[in-house]
Amino acid sequence: MKYLLLAALLLVAWAIWRHQRRSPPPAATRRPPPALPVDQMVACAHCGTHVPQSEALMDGPHAYCSPQHLQRGPA
């Protein structure tokens, strides 16, 4: 009886192993996320730190990284 139970257990393990080998991995069917748009970097006219243009404070042709540097003006 124990040999019959052992044979059934091995048969189930073999069937599970074969089933996992045949199915494609889930990562292969997944698409990569779309790329985010790139924001141009600008240098602060006061300290030279680069910040994204969408976050920069503009004063004419000059870009600033913070309100304090905007008040102080170009260096």
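The legends below describe close-up views of a predicted model.

**View 1. Helix α1 along its length.**
Helix α1 covers residues 2-22. The helix has 21 residues, and the distance from its first C-alpha to its last is 31 Å, close to the 30 Å expected at 1.5 Å a residue. Helix α1 is hardly covered: among its 21 residues, the count of buried ones is zero.

**View 2. A nonpolar patch on the surface.**
Four residues, Y3, L6, L9 and L10, form a nonpolar patch on the surface. Together they have about 480 Å² of accessible area. One of them, L6, sits in helix α1. L6 has a relative accessible area of 44% and is therefore partly exposed, as it falls between the 20% limit for buried and the 50% limit for exposed. In an α-helix there are 3.6 residues a turn, so residues three or four places apart point the same way.

**View 3. M41 in strand β1.**
Strand β1 is made of residues 41-43, and M41 belongs to this strand. With 45% relative accessibility, M41 counts as partly exposed. Leaving aside residues up to four places away in sequence, M41 touches H50, V51 and P52. How far is M41 from L10, C-alpha to C-alpha? The two residues are 31 apart along the chain, and their C-alpha atoms are separated by 62 Å. L10 is one of the residues of the nonpolar patch in the second view.

**View 4. Cysteines without a disulfide.**
The structure holds zero disulfides. C47 is in no disulfide, and the nearest cysteine sulfur to its own, that of C65, is 3.8 Å away. Why is the sulfur of C65 not bonded to that of C44? The sulfur of C44 is the closest cysteine sulfur to that of C65, but the two are 3.7 Å apart, which is too far for a bond because a disulfide needs the sulfur atoms within 2.5 Å. C47 is partly exposed, at 39% relative accessibility. C65 is also partly exposed, at 29% relative accessibility.

**View 5. H69 and its contacts.**
H69 is part of helix α3, a helix made of residues 67-72. Is H69 buried or exposed? Its relative accessibility is 15%, so H69 counts as buried, the limit being under 20%. Not counting residues up to four places away in sequence, H69 touches C44, H46, C47 and Y64. Among these contacts, C47 is one of the cysteines in the fourth view and is in no disulfide.

**View 6. Q71 and R72 in helix α3.**
Q71 has its place in helix α3, and R72 lies in this helix too. Q71 is exposed, with a relative accessible area of 72%. R72 is exposed as well, with a relative accessible area of 59%. Which distances link these residues to earlier parts of the chain? Q71 and H46 are 25 residues apart in sequence, and their C-alpha atoms are 9.8 Å apart in space. R72 and A45 are 27 residues apart in sequence, with 9.9 Å between their C-alpha atoms. H46 is also among the residues that H69 touches.

Technical notes:
Residues are numbered from 1 along each chain as its sequence is written. This is a predicted model: local features need pLDDT of at least 70, side-chain atom pairs count only at pLDDT 80 or more; totals for chains, interfaces and linings use all residues. Side-chain values use heavy atoms; hydrogens and water are left out. Patches are made of residues with over 30% relative accessible area and no salt bridge: like charges are joined within 9 Å, nonpolar side chains (Val, Leu, Ile, Met, Phe, Trp, Tyr) within 5 Å. Accessible areas come from the Shrake-Rupley method with a 1.4 Å probe; for residues, only the protein chains shown count as cover. A salt bridge is a side-chain nitrogen of Lys or Arg within 4 Å of a carboxyl oxygen of Asp or Glu. Helices (H or I, at least four residues) and strands (E, at least two) are DSSP runs, numbered from the N terminus. Buried means under 20% relative accessible area, exposed over 50%, partly exposed in between (1.4 Å probe, protein chains only). Contact means heavy atoms within 4.5 Å. The expected span of a helix is 1.5 Å times one less than its number of residues.
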